[in-house]
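User: Hi, I'm new to looking at protein models and would like to go through this one slowly with you. Could we start once it is on the screen?

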Amino acid sequence: MTDLPLVAGAVVQHEGDVLLIRRTISEGSLVWQFPAGKVDVGETPLEAAAREALEEAGVVVEPLAVIGERVHPVTERRVVYVACRWLSGAAGVASPREVSAAEWVTVDEMQARIPGGVYGPVWEYLAGPALPS
């Protein structure tokens with residue numbers, strides 16, 4: 001598992017909704033996903049998740065904690081999921097080369113847009129009690 005490049009995914013909630021982006025080029029059945037990208041040299045997964053949320057969706061977030069890590073069943077990349085608190089910015093396409101849409105969706109909509117379901121620890125985090133403001 002350590003030979004795979006590390007990707008950080010930003011799991012961002014705001015007012016009960018979850019931030020998802022749609023890639024310009026889908027990876028198999030995966031079209032919608034959390035803002036995510038490769039962790040750069042010298043960068044932590046928390047820093048990468050915050051950077052990706054800004055670069056892809058135009059939102060400023062505070063990374064809070066790692067939710068979990070797995071080899072993604074569709075992309076086969078090693079993904080670290082990071083809980084993030086929205087601070088500012090309207091969700092939109094910040095990188096048209098990579099992203100064709102960015103939307104706040106309900107948890108039910110998120111489930112419908114992510115084939116195969118949401119990673120268990122992420123689902124538990126999103127279904128759990130709200131973070132303090």
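## Working through the model

User: Leaving aside its neighbours within four places in sequence, which residues is T75 in contact with?
Analyst: Once those neighbours within four places are set aside, T75 is in contact with E27 and L30, where contact means heavy atoms within 4.5 Å. Before we go on, please keep in mind that this is a predicted model, in which local features need pLDDT of at least 70 and side-chain atom pairs count only at pLDDT 80 or more, while totals for chains, interfaces and linings use all residues. Residues are numbered from 1 along each chain as its sequence is written, and side-chain values use heavy atoms, with hydrogens and water left out.

User: Where is T75, and is it buried or exposed?
Analyst: T75 sits in the loop between strand 5 (60–71) and strand 6 (78–88), where strands (E, at least two residues) and helices (H or I, at least four) are DSSP runs numbered from the N terminus. T75 counts as buried because its relative accessibility is 18%; buried means under 20% relative accessible area, exposed means over 50%, and partly exposed lies in between, using a 1.4 Å probe and protein chains only.

User: How do strand 5 and strand 6 run, and how many bridges join them?
Analyst: Strand 5 and strand 6 run antiparallel and are joined by 10 bridges; two strands pair if DSSP finds at least two bridges between them. One of the places to look is A65, whose bridge partner in strand 6 is A83. Together the two strands form a hairpin with 6 residues between them, and E76 in the turn has a positive phi of about 60°.

User: Is E76 buried or exposed?
Analyst: E76 is exposed, because its relative accessible area is 58%.

User: Which other loop residue has a positive phi, say between strand 1 and strand 2?
Analyst: E15 is in the loop between strand 1 and strand 2, and its phi is near 50°, a positive value in a residue other than glycine. With a relative accessible area of 71%, E15 is exposed.

User: New topic: which side chains of strand 5 and strand 6 meet in a salt bridge?
Analyst: One such pair is E62 and R85, with 2.9 Å from N to O; a salt bridge is a side-chain nitrogen of Lys or Arg within 4 Å of a carboxyl oxygen of Asp or Glu. Because E62 lies in strand 5 and R85 in strand 6, the pair ties together parts that are 23 residues apart in sequence. E62 is partly exposed at 32%, and R85 counts as partly exposed at 23%. The side chains of R78 and E69 meet in a salt bridge as well, at 3.2 Å from N to O; there R78 counts as buried at 15% relative accessibility, whereas E69 counts as partly exposed at 34%.

User: How many salt bridges does the structure hold, and which residues are linked in a network?
Analyst: The structure holds 9 salt bridges, and D40, E43, R51, E52 and E55 are linked in a network of them. Within that network, the closest N and O atoms of R51 and E55 are 3.1 Å apart, and because these two are 4 residues apart in helix 1, they are separated by about one helical turn.

User: What about the inside: which residues touch the most other members of the largest nonpolar core?
Analyst: Of its 21 residues, V11, F34, Y81, M110 and V122 touch the most other members; a nonpolar core is a set of buried Ala, Val, Leu, Ile, Met, Phe, Trp, Tyr and Cys residues joined through side-chain atoms within 4.5 Å. The elements that give two or more residues to this core are strand 1 (6–14), strand 2 (17–27), strand 6, strand 7 (99–105), helix 2 (107–113) and helix 3 (120–127). A second, separate core has 19 residues, including L6, A8, A48 and V61.

User: And what does V11 touch, apart from neighbours within four places in sequence?
Analyst: V11 is then in contact with several residues, among them F34, Y81 and V122.
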